Amino acid sequence: MYRIAVAGAGAMGGRIGVALHQAGHNVTLIDDWELHVQNINKNGMKIQTETDLYSVEIPAILSKNVTDTYDLIILLTKSMQSESMLKHLKNGGAIHEDTAILSMMNGLGHEERLSKIVPLHQIYLAVTMWSAGLKGPGHLLLEGTGSINFQCANGVNNKISETISQVLNDANLNAVISENVFEAIWTKVTVNCVLNPLCTILNQRIGEFGAYAQINNMVSLVINEIVEVAHAKNIQIEADTLLNIITAMYPNSAQGLHFPSMYQDLNNGRPTEIDYLNGQIVKYGQELGIATPINQMLTYQIHQLESNFS
């Protein structure tokens, strides 16, 4: 029997895990928020959609209590928690030599960090365009549709890639095996490097942010640095295309009414993923001899805001 764990069962992890469970797969949610795990096991995962409210019974467990071994582990913790989670699961025997680790996390450099814990050929990188919200412990808000693109981190797709694709598509998650997932990752990262820190610093919804008369000039300062770094790493993304993708998110009918996740993290007293977004661009720039002062400034500013609750 193919055993699946979702490590990091927050909003997105909950959505993916519930979808796989409802498709008939053997799924366990792993999380370290004790009240969340308790509520799921006691009352089921409460699901709120545009039209319905219902509960799904699905097993959940704290990471410290994991004893089973899994064939697929979907990693959806916050980026800063991913290495400690993976080390814990490996040390606890949850990972065997053929376990696939599917990272759906935001940010860059996950393959570099995770491959220090498990071999690169066991790591799969994914970009998901699904969205989800967490209204409280054991309570998901699920709206809209999405897709998942993924690829083995060593660039070589294989039979396990096909198995993962089949598993995800059994749950109607619209998964596609990519031939170059890094371009999709860098595209999503660029969107996050613009909207997450700037909306957070300016205390604005995405639509409010996009209404500024000089918005394209401001956003392009961030984008151009990222594109220069990406090209130096042989990632083919283009500034005009990225600007158009971001611009398309401003209307209320798109993402205009929403605050980005970084804003939500900061305003709930949680550390942000800035070091895995703009901060990682700065790190790559330093390694490549490329100046990234705009991304460095945004990283400093978010850390300054974080220091207010440290």
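Helices here are DSSP runs of H or I with at least four residues, and strands are runs of E with at least two, numbered from the N terminus. By that count the protein has 12 helices and 12 strands. What you have in front of you is a predicted model.

Overall dimensions next. The radius of gyration is 19 Å, close to the 19 Å that the globule rule gives for 310 residues, so the protein is as compact as a globular protein of that length. The C-alpha trace spans about 55 × 40 × 35 Å along its principal axes. Of the contacts with a separation of 6 or more, 71% are between residues 24 or more positions apart.

Now the surface and the charges. About 14200 Å² of the protein is exposed, and carbon and sulfur atoms supply 48% of that area. There are 17 positive and 28 negative charges, and their mean positions are 7 Å apart.

On to the interior. Buried residues make up 50% of the 310 residues. In soluble globular proteins, nonpolar side chains tend to be buried together. In this model, the largest nonpolar core has 56 residues, and the members touching the most others are Leu89, Trp186, Val194, Phe209 and Val219. Helix H6, residues 181-202, gives the most to this core, with 10 residues. Take Val194 as an example: leaving aside residues up to four places away in sequence, Val194 touches Phe209, Val219, Val222, Ile223 and Ile246. Apart from this core lies another, of 38 residues, and its members include Met45, Ala171, Leu173 and Ala175.

That leaves four loop residues. I start with two backbone cases. Most residues other than glycine have a negative phi. Which way does Asn172 go, positive or negative? Asn172 has a positive phi of about 60°, although it is not a glycine. Asn172 sits in the loop between helix H5, residues 159-170, and strand E12, residues 175-177. Its relative accessibility is 58%; the cut-off for exposed is over 50%, so Asn172 counts as exposed.

Asn203 also shows a positive phi of about 60° without being a glycine. Its loop runs between H6 and helix H7, residues 206-210. With a relative accessible area of 48%, Asn203 is partly exposed.

Next, Gly144, in the loop between strand E10, residues 139-141, and strand E11, residues 148-152. Gly144 has 42% relative accessibility and counts as partly exposed. What does Gly144 touch, not counting residues up to four places away in sequence? The contacts are Arg15, Glu50 and Trp130. For Glu50, the separation from Gly144 is 94 residues in sequence and 8.5 Å in space, C-alpha to C-alpha.

Last, Ile117. This residue is found in the loop between helix H4, residues 110-114, and strand E8, residues 123-128. Is Ile117 buried or exposed? The relative accessibility is 7%, and buried means under 20%, so Ile117 counts as buried. Beyond residues up to four places away in sequence, Ile117 touches Glu83, Leu86, Lys87 and Lys90. Ile117 and Thr163 are 46 residues apart along the chain, and their C-alpha atoms are separated by 23 Å.

To recap the interior: the protein has a core of 56 residues and, apart from it, another of 38. Of the loop residues, Asn172 is exposed, Asn203 and Gly144 are partly exposed, and Ile117 is buried.

Methods:
Residues are numbered from 1 along each chain as its sequence is written. This is a predicted model: local features need pLDDT of at least 70, side-chain atom pairs count only at pLDDT 80 or more; totals for chains, interfaces and linings use all residues. Side-chain values use heavy atoms; hydrogens and water are left out. The radius of gyration is taken over C-alpha atoms; the globule rule is 2.2 Å times the number of residues to the power 0.38. Buried means under 20% relative accessible area, exposed over 50%, partly exposed in between (1.4 Å probe, protein chains only). Contact means heavy atoms within 4.5 Å. Accessible areas come from the Shrake-Rupley method with a 1.4 Å probe; for residues, only the protein chains shown count as cover. Lys and Arg count as positive and Asp and Glu as negative; His and the chain ends are not counted. The place of a charge is taken as NZ of Lys, CZ of Arg, CG of Asp or CD of Glu. A nonpolar core is a set of buried Ala, Val, Leu, Ile, Met, Phe, Trp, Tyr and Cys residues joined through side-chain atoms within 4.5 Å.
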